[in-house]
Amino acid sequence: MTALRLGTRRSKLAMAQSGQVAERVRRLTGHPVELVEIVTTGDISREHLTAIGGTGVFVSALRDELLAGRIDLAVHSLKDLPTAQPSELALAAVPERADPRDALVARDGLTLEALLRAGAADGSGGPARLGTGSPRRMSQLHTHARSLGCEITTVPIRGNVDTRIGYVRSGELDAVVLASAGLHRVGSEDAITDLLDPDTVLPAPGQGALAIECVASRADLVAELGRLDDPPTRIAVTAERALLSALEAGCSAPVAALADHRTDEPGTTVLHLRGAVGTTDGVTSMQLSTTGPVPASDGEATARADRMGRDLAAEMLAKGAAGLMGERAQ
């Protein structure tokens with residue numbers, strides 16, 4: 001049987017999650033799967049992501065390889081995927097989502113609140129230095145610090161999981177914030193000192209989920225890969241990404257969203273969607289939410305989720321969200 005070529009970035013995290021998907025594809029389809037390592041602009045550039053096109057730079061090289069026929073499928077972190085889906089490519093599967101929360105890796109095993117109150121480790125009496133390359137995290141961390149009467153210094157960083165954790169272990173930073181799902185996928189969950197409640201730091205749209213893409217014209221492969229799809233996850237991330245799209249914000253904008261399925265009092269399933277935007281200095285922020293029923297049909301439920309996301313975005317824009325999404329000096 002012909003092997004399927006799965007395109008993946010070379011990072012430790014990308015290789016880990018692509019390897020996990022490859023094994024599931026092997027079991028479901030019977031096809032052998034070989035990993036094809038692809039270098040993206042985001043992997044070789046040391047510039048800040050916002051200067052080179054946002055997290056979408058990790059996706060474009062993989063998509064080019066798909067369209068050129070050099071790979072058969074690609075695995076992306078869904079939060080990196082631009083909201084506009086090319087007609088030539090199919091989002092064949094969104095597997096069951098891992099924990100969408102952010103995780104803190106801090107010195108001395110500190111929780112976020114303990115870190116904020118302790119301040120910097122250098123004895124200067126200054127605020128703790130926390131590394132993140134995400135404007136969304138910067139915004140919410142500053143907002144939370146202020147709510148506790150504290151301050152924090154956020155330091156823009158890039159690099160793979162080990163590099164970022166290394167900043168803490170070397171003492172260069174007091175803490176870093178990473179996606180919990182990524183830390184678990186590379187086996188670094190022991191480094192987590194605190195899982196950040198979404199009420200404190202709302203995740204990025206699609207965080208914790210993976211996206212499996214292939215060429216849309218390969219209907220047989222689309223159908224085979226579709227067996228990996230998890231409808232509740234697809235419905236939830238559809239709402240989150242619709243909100244991001246309707247806000248006309250890119251993957252690197254300070255936009256957060258999380259949808260989850262809940263059971264209301266009559267015992268019916270509803271989708272609860274929260275969205276947040278804020279200035280990166282955390283001075284001004286906004287968070288709104290909405291809840292709606294989930295139709296029994298997956299197709300109808302996905303369409304309803306898309307509408308929920310767009311409607312919530314419209315409400316946020318009406319309340320001034322557009323003015324909160326630009327970069328502000330800290």
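1. Overall fold. The secondary structure comes to 10 helices and 13 strands. The radius of gyration is 20 Å, close to the 20 Å that the globule rule gives for 330 residues, so the protein is as compact as a globular protein of that length. This is a predicted model, and the points below should be read as such.

2. Extent and surface. Along the principal axes, the C-alpha atoms fill a box of roughly 65 × 45 × 35 Å. The accessible surface comes to about 14,000 Å². Carbon and sulfur atoms account for 48% of that surface. Of the 330 residues, 53% are buried.

3. Contact range. Take the contacts between residues at least 6 apart in sequence. Of these, 71% join residues at least 24 apart.

4. Helix H3. This helix covers residues 57-67. Because 8 of its 11 residues are buried, H3 is largely enclosed by the rest of the structure. Which residues of H3 are buried? They are Val57, Phe58, Val59, Ala61, Leu62, Arg63, Glu65 and Leu66. The list includes charged side chains, Arg63 and Glu65 among them. Just after H3, glycine 69 takes a positive phi of about 80°.

5. Glutamate 213. This residue lies in strand E10, residues 210-215. Its relative accessibility is 0%, so glutamate 213 counts as buried. What does its side chain meet in a polar contact? The partner is the side chain of arginine 63, at 2.9 Å. Arginine 63 is itself one of the buried residues of H3. The pair therefore joins two residues that both fall under the 20% cut-off for burial.

6. Surroundings of glutamate 213. Neighbours within four places in sequence are left aside here. Glutamate 213 is then in contact with Arg63, Leu66, Asp72, Leu73, Ala74, His76, Leu81, Gln85, Leu89, Ala90 and Leu91. Two of these names, Arg63 and Leu66, also appear among the buried residues of H3. Asp72 is in the contact list as well, but the polar contact described above is with arginine 63.

7. Cysteines. How many disulfides does the model hold? The count comes to 0. Cysteine 214 has a relative accessible area of 0% and is therefore buried. Cysteine 150 is at 14% relative accessibility, so it also counts as buried.

8. Hairpin E12-E13. Strand E12 spans residues 269-278 and strand E13 spans residues 285-293. The two run antiparallel and are joined by 9 bridges. Within the pairing, alanine 276 stands opposite glutamine 287 in E13. The hairpin has 6 residues between the strands. In this hairpin, glycine 282 takes a positive phi near 75°.

9. Glycine 309. Helix H10, residues 298-318, contains glycine 309. The relative accessible area of glycine 309 is 0%, so it is buried. Where does leucine 243 sit relative to glycine 309? The two are 66 residues apart in sequence, yet 4.2 Å apart in space, C-alpha to C-alpha. Leaving aside neighbours within four places in sequence, glycine 309 is in contact with Ala239, Ala242, Leu243 and Leu273. Leu273 falls within the residue range of strand E12.

10. Aspartate 108. Here is a backbone angle to check. Aspartate 108 has a positive phi of about 60° although it is not a glycine. The residue is found in the loop between strand E5 (102-106) and helix H4 (112-118). Is aspartate 108 buried or exposed? At 65% relative accessibility, aspartate 108 counts as exposed.

Conventions:
Residues are numbered from 1 along each chain as its sequence is written. This is a predicted model: local features need pLDDT of at least 70, side-chain atom pairs count only at pLDDT 80 or more; totals for chains, interfaces and linings use all residues. Side-chain values use heavy atoms; hydrogens and water are left out. Helices (H or I, at least four residues) and strands (E, at least two) are DSSP runs, numbered from the N terminus. Buried means under 20% relative accessible area, exposed over 50%, partly exposed in between (1.4 Å probe, protein chains only). A polar contact is a pair of N or O atoms within 3.5 Å; within protein, one must be able to donate a hydrogen and the other to accept it, and residues adjacent in sequence count only if both atoms are side-chain atoms. Contact means heavy atoms within 4.5 Å. A disulfide is a pair of cysteine sulfur atoms within 2.5 Å. Two strands pair if DSSP finds at least two bridges between them. The radius of gyration is taken over C-alpha atoms; the globule rule is 2.2 Å times the number of residues to the power 0.38. Accessible areas come from the Shrake-Rupley method with a 1.4 Å probe; for residues, only the protein chains shown count as cover.
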